[in-house]
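Reader: I should be grateful for a close look at one part of this model, namely its salt bridges. Please set out which residues take part and how each is placed with respect to solvent.

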Amino acid sequence: IWSKWVPDHSDAVTCCLSVIKDAGSGNFEKKLAGASAVLFPLSEILPWDLQRLELHNLVMHLPAGACVPLLILSGSNADNVGEFPHSVVEKLGLNDIDKSRVGSFLVICVNEREGPDQYYGHFSDQKLKEGLRWLASESHPQPVLYDVTLREMVSSHLNICLDSFDVMASDKPSPNQYILAFNEALDRSMNDIVAAASTNPTGWPCPEVFLLDYSTAEFRAVRQFLPSLGWSSPEEVEPLISALRNCKLPCFSDDISWLNRGCTNMQDFESQRQLLQDSLIRYLTQSTNVMNWMMATKEADVMLKKCTRLELRDRDYRLVPYWQLIFRRVFNWQLNKLASITCKAYVLDQPHATSNPAFFEKPDFESSAPHFSVHPSLDEMVEVSCSPIVSKRVKSSPRSFQDVSLMTSVSSAAGIAMFDYLEEEKSRCSPIQVQPVNDSGIYHGRDDLQVVPIVEKQPDRLSKLLEQCNALQDEIEKKLSIYF
């Protein structure tokens, strides 16, 4: 092993290693690992047939597609100088060798010659150098590689595609479009790995460079800058390809067309919410087998709270899932399968940096803070929409869930207090029939009977109820302030 440190114009130095080893005879496959060129010296003693057999045997042990240069060194004397080099090509059958293994060949005579008719028999150092320079010029350059983890590589390709979707209007693309983007990112990652491995049919670097003395600067350079031994071999590439292929997601087969139907009351909302949650659980368990039922139930609940909004369209409310955010969580769970892959992948191009690293952090469904948005959760939006107290700012809203039957389901303190109070007053005034609330938030009974006389007898209770309502109203206005 020869080493040389070559400085460049920027005062940086490059470590150049030249490895020459004697292949000998037999077990060529192991001895030729990482070879980028072959030098074959001819013998003046051995028969041509034997040398031809050994040369062709050596060539057949080179990797297919290696296209290495072959240099033939001859110690020709005066008797055969006229036959040189065409007779050598013919006797060795160089025109019949596998062109996919040997891309080019050159035959030179290294004997030093003083006169036209005299040979001293000394080898010419200059001619040998010319032959070695030819080998170096014909050898394929080593590829420039980047080592990445599988997760980084898939995330890079996936973000390029997902960044084209508007994260705040991600209900437009269907779930299967996001799944297709994820599977395409996996395909591109597999293609990158295969493309890099295909540029290295010779198996560079050769194993001898890893036998350098640990204390040398050359060994530290090898460990820092060269890829691992056998990085492009099928034994190293196939597990990476298999792991990526196993991460592919199936289609989202559930029919979710019912999301286009509006929710006119709390019963419709709870029904649609349960349908969506069931669809997500089925996909996480039965379709993808990402997690068990208990984990899927918890994850689907988080997806509904953090990645679903309640939207008013015309006169109805609709559940609108942020499919991009939902499937980013699914992608995270699926990519966790790659955590067991310890070896790195090598690619030719440096992956693009992810636009937002948080998109590919490990999903934390215990966290109360959303990763992607500061918008209210679905429960908060439903609480606001179903509240019996309407803010002055949203009084002009076309419609809200303000029905007596709906108010019985509201979990806010003021909603429960209002309902309990009305029920108590209703039991005291049996002739009164409580009707739905009007736009001003005042309840009316029959024309001949009114609740007012009884209400006036309990000013303290009404004051307490008013304080509760004001406290709730302040909280609601805080939540709605981001929209105004």
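Author: A residue is called partly exposed when its relative accessible area falls between the limit for buried, under 20%, and the limit for exposed, over 50%. The model under discussion is a predicted one. With these limits, Asp301 is partly exposed, because its relative accessible area is 22%. Its partner in a salt bridge is Arg273, and the closest N and O atoms of the two are 3.6 Å apart. This pair connects distant parts of the chain, since Asp301 belongs to helix α10 (residues 293-307) and Arg273 to helix α9 (residues 266-287), with their positions 28 residues apart in sequence. Arg273 counts as buried, because its relative accessibility is 11%. The pairing extends to a further residue: salt bridges with shared partners join Arg273, Asp301 and Lys305 into one network.

A second pair lies within a single helix. Asp125 and Lys129 are both part of helix α4 (residues 125-138), where they stand 4 residues apart, about one turn of the helix. They form a salt bridge in which the closest N and O atoms are 3.5 Å apart. The cut-off for such a pair is 4 Å, so this distance qualifies. Asp125 is partly exposed at 47% relative accessibility, and Lys129 is likewise partly exposed, with a relative accessible area of 39%.

A third pair is formed by Arg101 and Asp98, whose closest N and O atoms are 2.4 Å apart. Arg101 is buried, with a relative accessible area of 14%, whereas Asp98 is partly exposed, at 27%. In general terms, side chains of opposite charge can pair when their charged atoms come close.

These pairs are among the 10 salt bridges counted by the distance rule. As for their setting, the chain has 484 residues, of which 38% count as buried. Its secondary structure comprises 16 helices and 11 strands. When contacts between residues at least 6 apart in sequence are considered, 73% of them join residues at least 24 apart. The surface that the chain exposes amounts to about 27,400 Å², and carbon and sulfur atoms supply 53% of that area.

Key. Residues are numbered from 1 along each chain as its sequence is written. This is a predicted model: local features need pLDDT of at least 70, side-chain atom pairs count only at pLDDT 80 or more; totals for chains, interfaces and linings use all residues. Side-chain values use heavy atoms; hydrogens and water are left out. A salt bridge is a side-chain nitrogen of Lys or Arg within 4 Å of a carboxyl oxygen of Asp or Glu. Buried means under 20% relative accessible area, exposed over 50%, partly exposed in between (1.4 Å probe, protein chains only). Helices (H or I, at least four residues) and strands (E, at least two) are DSSP runs, numbered from the N terminus. Contact means heavy atoms within 4.5 Å. Accessible areas come from the Shrake-Rupley method with a 1.4 Å probe; for residues, only the protein chains shown count as cover.
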